[in-house]
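User: Please take a close look at aromatic ring pairing in this model. I would also like to see how that part relates to the rest of the chain.

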Amino acid sequence: MQRRKATQEEAAALASAVRLRIIRLTHLEELTNKEIAERLDRDPATTLHHVRKLVATGFLEAQPARSGNRGAREIPYRSTGLSWRLDDVGMDERLGEAMLQAFLGEVADVGPSGLEQTRLVVKIDPEELKHRLYSLMEELAARPVDPDTPSTAIYLALYPGG
């Protein structure tokens, strides 16, 4: 997969845990601003601000309008997958903090019983480990989406074990 550096505008858009969560929520299904707000337990006006920022920077795209309850016109949004095609976005301290906060918010929603966790300290060249893990993540990201297969979220953090 071809990767590129994020622009300043893209990096700023990703430096928000709420926006990262919106990208994840809309990765596999189209959601309206109202649906996004409900899932995040946020005010729709607040989420609309974030949605507009993500649309403006290419992380979300509006889908064809649909009729909602009582015939109201609704615009669903879907992630473009751009965040996965950017290089080293997690290396920026603001982005790294946003990623961690997004993960913590998602974990709080699921609860400890909904997690499968493990920890391990290994003696391995850190670059080799990163290469192997990122290769697996690239392979998984490139798979065609099967709507019948349950989705699984992955948060990967590598840090010194000493």
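Analyst: The ring pairing comes first, followed by the nonpolar core and one loop residue. The model is predicted, so local features need pLDDT of at least 70 and side-chain atom pairs count only at pLDDT 80 or more, while totals for chains, interfaces and linings use all residues. Residues are numbered from 1 along each chain as its sequence is written, and side-chain values use heavy atoms, with hydrogens and water left out.

Rings of Phe, Tyr and Trp (its six-membered ring) pair if their centres lie within 6.5 Å; planes under 30 degrees apart are stacked, over 60 edge-to-face, and the rest tilted. By this rule there is 1 aromatic pair. The ring centres of Phe103 and Tyr155 are 4.1 Å apart and their planes meet at 15 degrees, so the pair is stacked. It links distant parts of the chain, 52 residues apart: Phe103 is in helix H5 (residues 93-110) and Tyr155 in the segment after helix H6 (126-142). Helices are DSSP runs (H or I, at least four residues), numbered from the N terminus.

Phe103 is partly exposed at 26% relative accessibility, and Tyr155 is partly exposed at 33%. Buried means under 20% relative accessible area, exposed over 50%, and partly exposed in between (1.4 Å probe, protein chains only).

H5 also contributes to the largest nonpolar core (buried Ala, Val, Leu, Ile, Met, Phe, Trp, Tyr and Cys joined through side-chain atoms within 4.5 Å). That core has 21 residues, with Leu14, Ile22 and Phe59 making the most contacts inside it. H2 gives the most to this core, 5 residues.

Elsewhere, Asp41 lies in the loop between helix H3 (33-40) and helix H4 (44-56). Asp41 is exposed at 73% relative accessibility, and its phi is positive, near 55 degrees. Most residues other than glycine have a negative phi.

Technical notes
Helix = DSSP H or I, 4+ residues; strand = E, 2+ residues; numbered from the N terminus.
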